[in-house]
2 protein chains.
Amino acid sequence: MSDVTSVSSEAEQRFQSIYQTLRTRIVLLDYVPGARLAEEQLAEEFKLSRTPIRRVLNRLEVEGLLEIRHGAGSFVTELSMPELLEVFELRMELARLIDVLAPRTPTPVLVERLTTLQHACLDIASHSHPKRRFAELNLEVFNCLMELVGNQALRQILEQLFYRTARMWPYLLAEVHVSKEAALFHSEIGESIRLLTNNNYPSFGHLYRCHLAMACQRLAAMQTIGV
Amino acid sequence: MSDVTSVSSEAEQRFQSIYQTLRTRIVLLDYVPGARLAEEQLAEEFKLSRTPIRRVLNRLEVEGLLEIRHGAGSFVTELSMPELLEVFELRMELARLIDVLAPRTPTPVLVERLTTLQHACLDIASHSHPKRRFAELNLEVFNCLMELVGNQALRQILEQLFYRTARMWPYLLAEVHVSKEAALFHSEIGESIRLLTNNNYPSFGHLYRCHLAMACQRLAAMQTIGV
DNA sequence: ATTAATATATTTGTATACAACTTGGATCTT
DNA sequence: AAGATCCAAGTTGTATACAAATATATTAAT
């Protein structure tokens with residue numbers, strides 16, 4: 001994605017920056033579901049007028065992370081379990097396509113980044129805000145792995161869907177289970193690295209699918225929300 | 001999609017109307033690749049200011065149909081053969097998922113609409129503008145078929161990808177081949193109807209995939225464009 | 001005549017004032 | 001006191017003036 005959206009104009013850079021910032025805040029639950037984002041307030045924070053802010057908010061609405069109501073405000077959307085499961089199902093099927101559609105050779109620097117992130121998983125439990133830290137690492141790992149997707153259209157879709165479900169971790173995960181989940185994540189990254197360094201990268205999609213499937217099961221086991 | 005985007009506010013209705021209008025114009029080549037869309041001009045046409053028009057243009061840019069350049073204008077994107085093939089490949093794989101993820105039972109009214117559209121295919125050749133007519137019917141048939149997709153996330157994605165490739169028909173198809181292509185389309189719709197009325201709808205995705213695959217082959221056989 | 005530089009016109013991006021709408025509270029009625 | 005009504009404050013949507021950037025035409029230099 002960042003390859004496609006090659007930063008061009010000044011305005012585009014600003015947009016991307018604010019867009020990614022707000023998206024991250026939503027996904028990390030800095031803005032919890034139901035929270036209101038005031039345009040004026042954001043405009044002040046980013047030292048801009050409402051106009052460019054509105055463009056970002058509109059985009060986030062299209063992506064399903066915001067709901068803008070005339071005269072009322074822009075509200076972070078709620079998570080609904082049926083929707084989460086639906087999107088997860090789709091992500092699982094799409095994962096298989098990673099192997100089929102133009103898989104990319106992992107670079108050494110990618111493997112190195114993954115290894116760094118894997119080690120960081122060990123420190124999640126001792127972090128000041130474990131759940132948030134876990135969500136952060138989840139985000140970073142995802143961004144790494146997306147480099148393996150050669151089909152740009154697929155990549156864009158996977159990204160969109162990821163950000164639609166990524167909130168579930170800090171939202172649903174009980175504080176007591178964070179360390180267990182972190183350990184699982186650590187081993188998952190390890191498996192990915194082993195596969196990638198053994199030149200089996202064209203079956204990475206399969207592995208990723210497995211990880212998603214297991215995550216989906218754990219998700220379904222968590223407390224029911226939404227409809 | 002039209003179920004999800006349940007028309008709400010006045011502004012949202014206006015947006016949807018203009019958005020779909022412009023998208024259709026691009027897909028039907030009323031706006032050819034490379035053409036410039038002036039905000040001021042569109043604002044005049046729709047009796048609005050530039051502000052809501054810009055929202056529409058931004059959305060079309062995200063969908064890959066426009067490229068907006070500061071100080072220069074908003075230009076309809078060019079078609080590139082590699083991108084078309086890439087998106088087609090993805091659409092083919094996604095088609096299979098229609099059967100897996102919440103397939104919907106076809107309603108009698110849907111079958112009736114399809115039958116009407118099928119008959120309309122016979123009149124394409126004698127139409128005043130055959131290629132455009134063909135593209136129109138292609139659009140309408142697609143909208144019908146999307147009713148069979150129960151997974152909303154999948155539906156949204158299929159729609160997005162469709163509009164990214166739908167332009168190829170009026171763009172690449174030679175005038176002499178329109179009647180041949182129309183006949184093929186006629187029989188494809190026929191096959192779909194037969195399948196749907198035989199209560200075999202859970203395998204509709206497979207059939208759709210076959211149709212896409214054949215279309216993709218014909219596409220590849222057409223004159224090379226882009227890179 | 002050709003080319004480079006400049007100026008002007010055109011177009012998109014931003015800021016801002018105002019309109020449309022929603023929400024919460026105050027006031028009045030019963 | 002409960003409920004309905006109305007008003008006012010606050011928020012998003014739209015229109016518009018201006019800034020920033022680009023493209024085109026003009027002019028000057030070689």
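**Notebook: the protein pair and DNA strand C**

I began with the surface near DNA strand C and sorted its residues by class, which gave 8 nonpolar, 8 polar and 6 charged. I note here that the model is a predicted one.

Next I looked up where this surface comes from. In chain A, helix H1 (10-27) and helix H3 (50-62) each supply at least two residues. In chain B, strand S1 (36-37), H3, strand S2 (66-69) and strand S3 (73-76) each do so as well. I then listed the residues that come nearest: of the 22 around DNA strand C, these are Arg14(A), Ser49(A), Thr51(A), Arg36(B) and Arg54(B). On the DNA side, I found that sugar and phosphate make up 68% of the strand C atoms that come within 4 Å of the protein.

I examined individual atom pairs with DNA strand C. For Arg36(B), I recorded 2.8 Å between an N or O atom of the side chain and a phosphate oxygen of the strand. Glu39(B) also faces a phosphate oxygen of strand C, but with a backbone N or O atom, at 3.5 Å. For a base, I turned to His70(A), where a polar side-chain atom lies 3.3 Å from a base nitrogen of DNA strand C.

**Chain B against chain A**

I then turned to the protein contact. I counted 24 residues from chain B and 24 residues from chain A in it. The area buried between the two chains is about 2,000 Å², and carbon and sulfur atoms give 61% of it. Within chain B, I found that Glu86(B), Leu90(B) and Ile157(B) lose the most area to chain A, together 23% of what that side buries.

I searched the interface for charged and polar pairing. The rule finds 0 salt bridges between chain B and chain A, whereas it finds 8 residue pairs in polar contact. I assigned the chain B side to its elements: helix H3 (50-62), helix H4 (81-100) and helix H7 (152-165) are those that give two or more residues to it. By class, that side holds 11 nonpolar, 6 polar and 7 charged residues.

**Relation of the copies**

Finally, I superposed chain B on chain A. A rotation of 180° with 0.0 Å of shift along its axis achieves this, at an RMSD of 0.0 Å. I therefore entered the relation as that of a two-fold axis. I also checked which surface each copy uses in the contact: the same one serves both, with 100% of the contact residues of chain B recurring in chain A.

Technical notes: Residues are numbered from 1 along each chain as its sequence is written. Chains are lettered from A and ligands numbered from 1 in the order in which they are written. This is a predicted model: local features need pLDDT of at least 70, side-chain atom pairs count only at pLDDT 80 or more; totals for chains, interfaces and linings use all residues. Side-chain values use heavy atoms; hydrogens and water are left out. Contact means heavy atoms within 4.5 Å. Buried area is the accessible area (1.4 Å probe) that two parts lose on being put together, summed over both. A salt bridge is a side-chain nitrogen of Lys or Arg within 4 Å of a carboxyl oxygen of Asp or Glu. A polar contact is a pair of N or O atoms within 3.5 Å; within protein, one must be able to donate a hydrogen and the other to accept it, and residues adjacent in sequence count only if both atoms are side-chain atoms. Helices (H or I, at least four residues) and strands (E, at least two) are DSSP runs, numbered from the N terminus. Ala, Val, Leu, Ile, Met, Phe, Trp, Tyr, Cys and Pro count as nonpolar, Asp, Glu, Lys and Arg as charged, and the others, Gly among them, as polar. A residue is near a molecule or strand if one of its heavy atoms lies within 4 Å of it. Copies are superposed by least squares on the C-alpha atoms of residues with pLDDT of at least 70 in both.
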